[in-house]
Amino acid sequence: MALKQIALLFACFAIVSAENPYRFFNWNITYGTIYPLGVPQQGILINGQFPGPDIYSVTNDNIIVSVFNSLDEPFLIHWNGVQNRRNSYEDGVYGTTCPIPPGKNFTYILQMKDQIGSFFYFPSLAFHKSAGGFGSIKILSRPLIPVPFDPPTDDFSLLIGDWYKSNHTALKKILDNGKKLPFPDGILINGRGPNVTSFTIQQGKTYRLRICNVGLQNSLNFRIQGHKMKVVEVEGTHTMQISYSSLDIHLGQCMSVLVTGDQPPQDYYVVVSTRFTTPVLTTTGFLRYANSNKKASGPLPGGPTTQIDWSLNQARSIRTNLTASGPRPNPQGSYHYGMIPTVRTIRLSSSAGQVNGKQRYAINSVSFVPADTPLKVADFFQISGVFRVGSISYTPSGGGIFLDTSVMGVDYRTFIEIVFENSEDIVQSYHLSGYSFWVVGMDGGQWTEASRNQYNLRDAVSRSTVQVYPKSWSAIYIALDNVGMWNLRSEYWARQYLGQQFYLRVYTTSTSLRDEYPIPKNALLCGRAKGRHTRPF
């Protein structure tokens, strides 16, 4: 990048903390032919790579990602789990950010403010996620912040997910025609099909594996033949260090495990299989010991298939390490979330049905339809008629599904409870941008106020994506400390595309930069905001 361009970046991005390091990335987004399941299909590549390059960073780093869109359609990248503190304009979903037009460039300005952990990015528009364009995000602790385990010998990213052989355009057409997608064709590990991906380790050494489910539809179980996995981190929270022989990882979720090379040197199967499905899809990779030519052998390690209680009990066993430091030196348990009274309870219920003869999905009966202008951009310019706060209710209405641009209003610096209610026969998975929340409870049946008696108010794990089991509920607590327009969505991607999402508008009357940054100087403007001006230097 020329010196003039760098100077312009620093002038434009003065709102980003100058004392923290900068890391620059230049990405070119293209189509390319890929063969993940053995047949050619159109993929989305970043700098010619599928999956895309890792983003390696440290707490509070400033991440500058210049994205050039060489596709023939608009494009956006979303940073799943990165909180974009005070700056929802950078979230990279259509409700906050104008798409990058074909042949154009946009530069994201991110800061990994007060975050550590394992996350990922992916394209958020037009069902592009089914074509690739995703990659791993690693946020390491600052050098002087203690980490509750010894430095691993190496740090591997594993992006797992179900996959279709069809191009994303064909899948999008099915959904646009109001139909449901078929069952996926297979499972990928780091963009590769069966028996391709491998990781090489040394005898006696310990390695960190950051595993994220970047798929479209299914929860997955992950296991390694003959090896235990010690969970140490979940989406930015250091956890109690418990070892498991297999792990359920639901849509949109990430976790870190430590694996030690404590078995006889040879190759071992890495197995990923779908959960709660008939049939069960399975794929394999390999954990290889250095200097050994002995191939993997024996039956694949078995894993759970349709058992819900098994998964529920495992989820409950993953808890916060209260004495470990997080992104700051103070212990994670120093914030006593269970002692803070909630000011509001929001109950969210999913549903599926037909609207105008086409398949739709909804939350509290509202099936989201995008506006002609990103909601956050319209909010900044006070453009009326784009959305209405209160267009989705705080509790289920029980009525039929209807279409609207659903926005729910909540107040900055309040502490709330959200209960996800699932009356359907599938596992749901919900993500809230801009936040990490405490998963205080989950159980089968109908949630009632008496369900609070079983909440974990001491060491619940804090994360940004939560599963809800069939005919069950999950409850979370959130401190609303991040002003902005934040996407709350299903991670079941066809359901998200067909309406199972809305935006949470966290609002304050304050105009202080301590509460929210103004619209970026380089923000693209589209829809009814086109022709307006962002702000002066």
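Q: Which residues are buried in helix α3 (residues 308-317)?
A: This is a predicted model, in which local features need pLDDT of at least 70 and side-chain atom pairs count only at pLDDT 80 or more, while totals for chains, interfaces and linings use all residues. Residues are numbered from 1 along each chain as its sequence is written, and side-chain values use heavy atoms, with hydrogens and water left out. Buried means under 20% relative accessible area, exposed over 50% and partly exposed in between (1.4 Å probe, protein chains only); helices (H or I, at least four residues) and strands (E, at least two) are DSSP runs numbered from the N terminus. In α3, the residues that are buried are Ser311, Leu312 and Gln314.

Q: Within what arc do the buried residues of α3 fall, seen down the axis?
A: An α-helix has 3.6 residues a turn, so residues three or four places apart point the same way. The arc is taken from the directions that run from the helix axis to the C-beta atoms. The buried residues of α3 line one face of the helix, because they fall within an arc of 165°.

Q: Which strands do the buried residues of α3 pack against?
A: Packing is judged by contact, which means heavy atoms within 4.5 Å. By that rule, the buried residues of α3 pack against β15 (237-244), β16 (246-249) and β28 (437-444).

Q: How many residues of strand β27 (residues 428-432) are buried?
A: Gln428, Tyr430 and Leu432 point one way from β27. Ser429 and His431 point the other way, and residues on both sides are buried. The strand is thus mostly covered, the number of its buried residues being five of five.

Q: Which residue in β32 is the bridge partner of His431?
A: Two strands pair if DSSP finds at least two bridges between them. Strand β27 is joined to β30 (residues 465-468) by four bridges, and to β32 (residues 484-490) by three; both pairings are antiparallel. Tyr430 stands opposite Val466 in β30, whereas the partner of His431 in β32 is Arg489.

Q: Which are the edge strands of the open sheet of six strands?
A: The order of this sheet is β23-β25-β33-β32-β27-β30, and its pairing is mixed. An edge strand pairs on one side only, and this applies to β23 (388-389) and β30.

Q: Which residue forms a salt bridge with Lys471?
A: A salt bridge is a side-chain nitrogen of Lys or Arg within 4 Å of a carboxyl oxygen of Asp or Glu. For Lys471, the closest N and O atoms of the pair are 3.7 Å apart. The partners lie 46 residues apart, Lys471 in the loop between β30 and β31 (472-479) and the other in the loop between β26 (415-422) and β27. Lys471 is partly exposed, at 46% relative accessible area, while its partner is exposed at 63%; that partner is Asp425.

Q: Which residue forms a salt bridge with Glu491?
A: The closest N and O atoms of this pair are 3.5 Å apart. Glu491 is buried, as is its partner. That partner is Arg489.
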